[in-house]
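Here are a few worked exercises on how two parts of a chain meet and which charged side chains pair up. Grab your viewer and try each task before reading its solution.

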Amino acid sequence: MSWQAIGIFDSGVGGLTVLRELTRALPQEDTIYFGDTARVPYGTKSPDTVIRYSQEIASFLIKRDIKLLVVACNTASAVALPTLRRSLPVPVVGVIEPGAKRAAEVTRSGVVGVIGTSGTIRSSAYSRAIKRLNPEISVLAKPCPLFVPLAEEGWIDNDVTLMTARLYLEELREAQVDTLVLGCTHYPLLKKIIAEVMGPEVTLVDSAEETARTVASILQAKNMLRPPAELGNHHYYVTDVPAGFIRVGNRFLGGKLGDVYQVSLDDCRLSTEKD
């Protein structure tokens, strides 16, 4: 199984920040990335719909012989992870638990902030995950919906983004959080400005980085890592025309994506229904 690829899926391009950290931590590994760009965003969908979408994508990736699945979508991680773990023959890693675990470990004051999309914050997924690890931690959650379009537009270091960050993060600064979880896969692109607004005394927890560490740990423990001398290949699939994904994706990865293929999930849907 060590020669099989790591599967990663997201509702769109945000999960590419997780892929970027994975390729940094495990450059020898092959990856298959799936962006459900025709049905993005997931945050406005019902839990049943998100679970069904996640099962369809997982079926597509399992058929491509992956050895581990990364659910790089916060909404799918919050809603579909238990179902996927019960039904799939490979380890499944979400983005919420690794970030929550790191926040619980590094907080000094026991006051942790979480920022994310409105859907993620409304789900309370990070708050619950942190509280499970340490019920004494106080968690303050703040939705920052404008961070997503700013990241996709490439406005990661200008006055508009700085002003937006100051407005969003003022409440968390006043609450004197000492740890801040970036609870959206788009937010690592804005890490520099977020750090500037929060100040050096606040530790930023990047869920993408923590997820990559978790994946590396699991594969090492199961003796499923490829030899470090290898160089991984990366493949990309989307459900809508690839042009927009490629434009934004190159910015997220900091380089050229390569070939991106548009696919239909109809076959996977039929397979899921039969099962």
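A residue counts as buried when its relative accessible area is under 20%, as exposed when it is over 50%, and as partly exposed in between. Keep in mind that this is a predicted model.

**Exercise 1.** Work out whether Glu210 is buried or exposed, and what it touches.

*Solution.* Start with the place: Glu210 sits in helix α11. Next, take its relative accessibility of 10%; that is under the 20% cut-off, so Glu210 counts as buried. Finally, list the neighbours: leaving out residues up to four places away in sequence, Glu210 touches Pro98, Gly99, Arg102 and Val205.

**Exercise 2.** Find the salt bridge between Arg102 and Glu210, and say how far apart in sequence the joined parts are.

*Solution.* Step one is the distance: the side chains of Arg102 and Glu210 meet at 3.9 Å, N to O, and the cut-off for a salt bridge is 4 Å. Step two is the location: Arg102 belongs to helix α5 (residues 96-106) and Glu210 to helix α11, so the pair ties together parts 108 residues apart in sequence. Step three is exposure: Arg102, with a relative accessible area of 34%, is partly exposed, whereas Glu210 is buried.

**Exercise 3.** Do the same for Lys191 and Asp206.

*Solution.* The closest N and O atoms of this salt bridge are 3.1 Å apart. Lys191 lies in helix α10 (residues 191-198) and Asp206 in strand β8 (residues 203-206), so here the linked parts are 15 residues apart in sequence. On exposure, Lys191 is partly exposed at 26%, while Asp206 comes out buried at 3%. Now for a network: salt bridges with shared partners join Lys101, Arg102, Glu105, Glu210 and Arg213.

**Exercise 4.** Describe how domain 1 and domain 2 meet.

*Solution.* First set the bounds: domain 1 covers 6-94 + 209-262, and domain 2 covers 97-207. Their centres, taken over C-alpha atoms, are 22 Å apart. Then count contacts: 24 residues of domain 1 are in contact with 23 of domain 2. For the area, the two domains bury about 1,600 Å² between them, with 51% of it on carbon and sulfur atoms. Last come the charges: three salt bridges run between the domains. Eleven residue pairs, both at pLDDT 80 or more, are in polar contact there. The side of domain 1 that touches domain 2 has eight nonpolar, nine polar and seven charged residues.

Definitions and conventions
Residues numbered from 1 in each chain as written. Predicted model: local features only at pLDDT ≥ 70, side-chain atom pairs only at ≥ 80, totals over all residues. Heavy atoms only, no water. Domains from an automatic or database assignment. Contact = heavy atoms within 4.5 Å. Buried area = accessible area lost by both parts, 1.4 Å probe. Polar contact = N/O pair within 3.5 Å; in protein donor to acceptor, adjacent residues only side chain to side chain. Nonpolar A, V, L, I, M, F, W, Y, C, P; charged D, E, K, R; others polar. Helix = DSSP H or I, 4+ residues; strand = E, 2+ residues; numbered from the N terminus. Buried < 20%, exposed > 50% of the residue type's maximum accessible area, 1.4 Å probe, protein only.
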